There are 4 protein chains.
Amino acid sequence: MAKKKQQTPKDIFNLMMATDFFSQWLGVELIDVSEGFCKIQICIRKEMLNGFGIVHGGVTFSLADSAFAFASNSYGKVSVSLNASMTYAKQGKIGDFLVAEAKKLTLTNKTGTFDVTVTNQTTEETIALFRGTVFRTEKEHIDLNIT
Amino acid sequence: MAKKKQQTPKDIFNLMMATDFFSQWLGVELIDVSEGFCKIQICIRKEMLNGFGIVHGGVTFSLADSAFAFASNSYGKVSVSLNASMTYAKQGKIGDFLVAEAKKLTLTNKTGTFDVTVTNQTTEETIALFRGTVFRTEKEHIDLNIT
Amino acid sequence: MAKKKQQTPKDIFNLMMATDFFSQWLGVELIDVSEGFCKIQICIRKEMLNGFGIVHGGVTFSLADSAFAFASNSYGKVSVSLNASMTYAKQGKIGDFLVAEAKKLTLTNKTGTFDVTVTNQTTEETIALFRGTVFRTEKEHIDLNIT
Amino acid sequence: MAKKKQQTPKDIFNLMMATDFFSQWLGVELIDVSEGFCKIQICIRKEMLNGFGIVHGGVTFSLADSAFAFASNSYGKVSVSLNASMTYAKQGKIGDFLVAEAKKLTLTNKTGTFDVTVTNQTTEETIALFRGTVFRTEKEHIDLNIT
């Protein structure tokens, strides 16, 4: 029982990342995580490019989506994505570092909406804006993961 | 000059795929492509899963986004994504085959909007619905790619 | 108690419309309603135009949003909008009849997503595409409205 | 010719509002307008309510959409909406003042994306978040409106 109160946003991030093989493939590195917030980064590799020689929109979305998942699950409740939208502003190239910062916009007992800004650290440009909504289940991460 | 009229949607798909390293990583296989239409599939591998043991939302989005790119570029004009939205319905698991079918909704000289339905062939369920809008540039694929 | 089972989608539509003063202002007329489905129409009046002399995007959205509300509430559970997106294709002019047809895309115990197509009956063109997601509360219309 | 350089964002707002009969019906009052920015307000009246006795989602969207139109047209180029998304957070009631503030997110020669935040001044809550994308035509407002 006492252990239940000790699960921090960082603990939840670590538990999720341990089996999040796609975020691992993306090379996600944690910069910061707290309740309703997550900042992560990746470096664009050759296998992340599309046919125009720039980062594939799906990779940029995936980075934002991972930040969104970590931020929305940070409260302890297992939260699943209902929908998301993505607006593209600029491009990213091989070797560029992309940072995604997810912040809570609204939160109720059952749902939450988060904004994620994706910045190209190399060019110092905002490259994409993501907005996503989760359904917050009754399940707690602590119950899923205690072994 | 005469060659210009011979570039088909399939030619454009092949030219784009040849250097679309992320779609290659996803294992994209073409089912069908024509003007304003594209149907492709992938098989979910372990490195496409998220921390809940199901396909990462970013992978499903990426599959839809690739179908959208091939359908919107099929007319010959280089077309770039402005924005997209994604609604999730069901999940996909390791070994499942996912099919994305992109269809034109609206098309003007400068912009176009496409719907993409992602179906899990293994469970016969619609797992996600994608809607995206492109800006259609003045550049032609034929001019980019003739060597 | 027996009365509970007799509330049809049409009953719910009528109960909602009775105090939906904005849908009344729009001049909403019912064409058809059933579980997860609603088709309504309006005629564009002068006070619905924007500064370009065409129907204001907010009016087209509102028509779609009303169809969405009627379709998503048709099952009996009070359902509230979480988010919605709108894609514009063509225009509407004064005197044109616009028809909105809402259909269920996905439905779970707690959430639902619906597509609404807005057609200009006068020009026979699809003028807009709406997609919205509701949260389905535990409240029943029958409990709200029995008097 | 000299007159061309004298058309300010306020001039464009006034020209658009003069025939924007739906914004007039909403009771739109200007708080501030400048290049890529617009802040307007309305007061919720009885005929703006839905069947749940709160402000109809279409009215909140329409307010945001008008702010978006004024901000995106403020540069002088006639700009038309391609698509928009809306996230609902809180409600508004009869007599509440709603303020919409539109800000540029991205701008290219041909397209632009804007965020609009709708705040309930009465409750001091953010009630909705809107994001919209325009196509920027070659037409100038100054050419449309000189008489």
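The questions below ask how terms are applied to this predicted model.

Guide: Residues are numbered from 1 along each chain as its sequence is written, and chains are lettered from A in the order in which they are written. As this is a predicted model, local features need pLDDT (the predictor's confidence in each residue, from 0 to 100) of at least 70, side-chain atom pairs count only at pLDDT 80 or more, and totals for chains, interfaces and linings use all residues.

Visitor: What is the mean pLDDT of chain A?
Guide: The mean is 94, and 95% of the residues of chain A reach 70 or more.

Visitor: How do you know which residues of chain A are in contact with chain B?
Guide: Two residues are in contact if their C-beta atoms, placed from the backbone, lie within 7 Å. By that rule, 31 residues of chain A are in contact with 30 residues of chain B. Elements that each supply at least two residues to this side of chain A include α3 (57–73) and β3 (77–88); helices (H or I, at least four residues) and strands (E, at least two) are DSSP runs, numbered from the N terminus.

Visitor: What makes β3(A) and β3 of chain B a pair?
Guide: Two strands pair if DSSP finds at least two bridges between them. Here 5 bridges join the two strands, which run antiparallel. A:S85 has B:S85 as its bridge partner.

Visitor: Why is α3(C) called largely enclosed?
Guide: A residue is buried if 20 or more other C-beta atoms lie within 10 Å of its own, exposed if 12 or fewer, and partly exposed in between. In α3(C), 17 of the 17 residues are buried, so the helix is largely enclosed by the rest of the structure. α3(A) is mostly covered, with 17 of its 17 residues buried.
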